[in-house]
Amino acid sequence: MLAISSSSLVFITKPSKCTISSALNPIFPKIRSSSVAREAVVEVDFPAIKAAKRVVLVRHGQSTWNAEGRIQGSSNFSVLTTKGEAQAETSRQMLLDDSFDVCFTSPLNRSKRTAEIIWGNRKEQMIPDTDLREIDLYSFQGLLKHEGKEKFGNAFRQWQLDAPNFVIDGHYPVRELWTRARSCWDKILTHQSKSVLVVAHNAVNQALVATAIGLGTEYFRVLLQSNCGVSVLDFIPRAEDTSPYICLNRLNQTPNSPIAGGSSAGRKTSKRIILACHGSLMNNVEANFSLLGNQPLSMLGSIQSQKTAELLLDLKVNTVVSSPGKASTETAQIISKVQETAESLGADSVPRYVDVKEMKDLDVETMLGKLKQEATVDSILQPKLLDGLGNRMVSPVWDQTGKVWRTLLDELSDPSETVVVVGHPILHIALMTHCLNLSKEWIRSFHLDEGSISIIEFPDGPSGKGIIRCINYTAHLGRSRWSIPITKPTMDEKDI
């Protein structure tokens, strides 16, 4: 089912079961070498829910062992550093306007302390859950990374390069973690609450996100979780009282700007694709929803695009690739002008031209415009009709964006280190699923707001695996850290 609001685009998973790939198939295929999208082979039921539930995941702040470069695993010797305490306080401010019914937390000190800071003066219950502890790494725990390499040799290399098949002390840690994360969802979803905060760790939060939307162990280290990074999942009840619809609303919204970069899965990266959604459209109010047609930016949309351009000033952008849609080209021009103006402020500066390339194949607005012509606003909001039209729209968008993705990878070659792609939220959702080598059905598992950015990094270059640094980052758009409080429903329950 495709659910629509006036300021965002949401695709909600259609299957009644959560699909999880076999842990025995850890190879992550590359989009260049295979046109076959990943398909799930195991189906797992989630508990039915009676009301919409939003789950907010937070990783703990920097710990002493993070700072030292030690392998922590599920050990409980490290504590938050001063920086980690400050990160947790920033996360508290990010979530200050949000209401939560309960907080589940890992019992480990670094996570428990982060939860206490974020929870502040709230009176609601905090529940420690041992299944939320970090990944069990057995003999690796406590070692500096170079010590692990020296002591364990091939095993440490396997941990770095083939984590799903990594074995230590007779255990498969990543496979065990995925099983444990699945168990956590049973407890979270059966708890009588509508808004849940979960404070835990890097690997377990990755596993929670992955198992929720149906991704297997081969996606370990693909969905980044920075210190105090926040991810949001929406669970929507189904009328037939079966597994809920599930949507990844945000991934890894951090206290600091994601543009600042850092490491991807422990490795430095300079190659990235930034997916920038255009801002709010002129006729949103008239049309009652934002995703249809080819409209220019509204005044709010121009402001949002300006804020996106300012966020990107930490990068030197030479090329912006844009959809030919009006809102997208306006946003791309705003980004280019801000980049050029900033470069020319110094007395000895040399004027720089930012190339804006319109790419016809990025045009999903025309397809969406046809949808607008085929149904009235009132009738399209009927779930059954909307579901059928949604299915009809997914295939052409999917086919078209597959070619685009390969073109963008070619664009991401020397001397280009960053490619900014401006377009419609549907376009960017499709591109992310191509990056993850998923099939078209996964398009329904992601959400993007207008004016948001999402970042894909390539630590092994554009021919290697894409790592998702963040999805639906919106902190730059509003006075608070979110464009709206994250526990505010994406849509009215009556519209679900």
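Before I count anything, let me say that helices here are DSSP runs of H or I with at least four residues, that strands are DSSP runs of E with at least two, and that both are numbered from the N terminus. On that basis, the protein chain has 14 helices and 19 strands. Please keep in mind throughout that what we are looking at is a predicted model.

Let me stay with the whole chain for a moment. It has 496 residues, of which 60% count as buried, and it exposes about 20,000 Å², with carbon and sulfur atoms supplying 50% of that area. If we take the contacts with a separation of 6 or more, 76% of them are accounted for by residues 24 or more positions apart.

Now to the annotated positions. Which residues does UniProt list for "active site"? The record, which is an unreviewed entry, gives His60 and Glu134 under that heading. These two span 75 residues in sequence, and yet their C-alpha atoms are no more than 10.6 Å apart, so they gather at one spot.

I will take His60 before Glu134. His60 is placed in the loop between strand 5, residues 53–59, and helix 1, residues 64–68. With a relative accessibility of 1%, His60 counts as buried, because the cut-off for that word is under 20% relative accessible area. Setting aside residues up to four places away in sequence, His60 touches a group of residues that includes Asn66, Gln72, Arg110, Thr114, His201 and Cys228. With one of these, Arg110, there is also a polar contact, side chain to side chain, at 3.4 Å.

Glu134, for its part, sits in the loop between strand 7, residues 125–128, and helix 4, residues 145–152. Its relative accessibility is 8%, and Glu134 therefore counts as buried. Beyond its neighbours within four places in sequence, Glu134 is in contact with residues among them Gly73, Arg110, Arg180, His201 and Val204. You will have heard Arg110 and His201 in the list for His60, and both are in the list for Glu134.

The same unreviewed UniProt entry also carries a "binding site" annotation, which covers Arg59, His60, Gly61, Gln62, Ser63, Thr64, Trp65, Asn66, Arg110 and Lys145. Arg59 lies in strand 5, and at 11% relative accessibility this residue counts as buried. Leaving out residues up to four places away, the residues that Arg59 touches include Asn66, Thr114, His201, Gln225 and Cys228.

Gln225 leads us on to Ser231, a residue in strand 9, which runs over residues 230–236. Is Ser231 buried or exposed? Ser231 is buried, with a relative accessible area of 0%. Its side chain makes a polar contact of 3.2 Å with the side chain of Gln225, and among the other residues in contact with Ser231, outside its neighbours within four places, are Val55, Val56, Leu57, Val209 and Leu251. Ser231 and Thr254, although 23 residues apart in sequence, have C-alpha atoms 9.1 Å apart in space.

I would like to finish with Gln192, which lies in the loop between helix 6, residues 173–190, and strand 8, residues 195–200. At 74% relative accessibility, Gln192 counts as exposed, because that word applies over 50%. Between the C-alpha atoms of Gln192 and Asp101, which are 91 residues apart along the chain, the separation is 8.6 Å.

Methods. Residues numbered from 1 in each chain as written. Predicted model: local features only at pLDDT ≥ 70, side-chain atom pairs only at ≥ 80, totals over all residues. Heavy atoms only, no water. UniProt positions renumbered as here; feature names shortened; annotations may be inferred. Buried < 20%, exposed > 50% of the residue type's maximum accessible area, 1.4 Å probe, protein only. Contact = heavy atoms within 4.5 Å. Polar contact = N/O pair within 3.5 Å; in protein donor to acceptor, adjacent residues only side chain to side chain. Areas by Shrake-Rupley, 256 points an atom, 1.4 Å probe, with all protein chains shown as cover.
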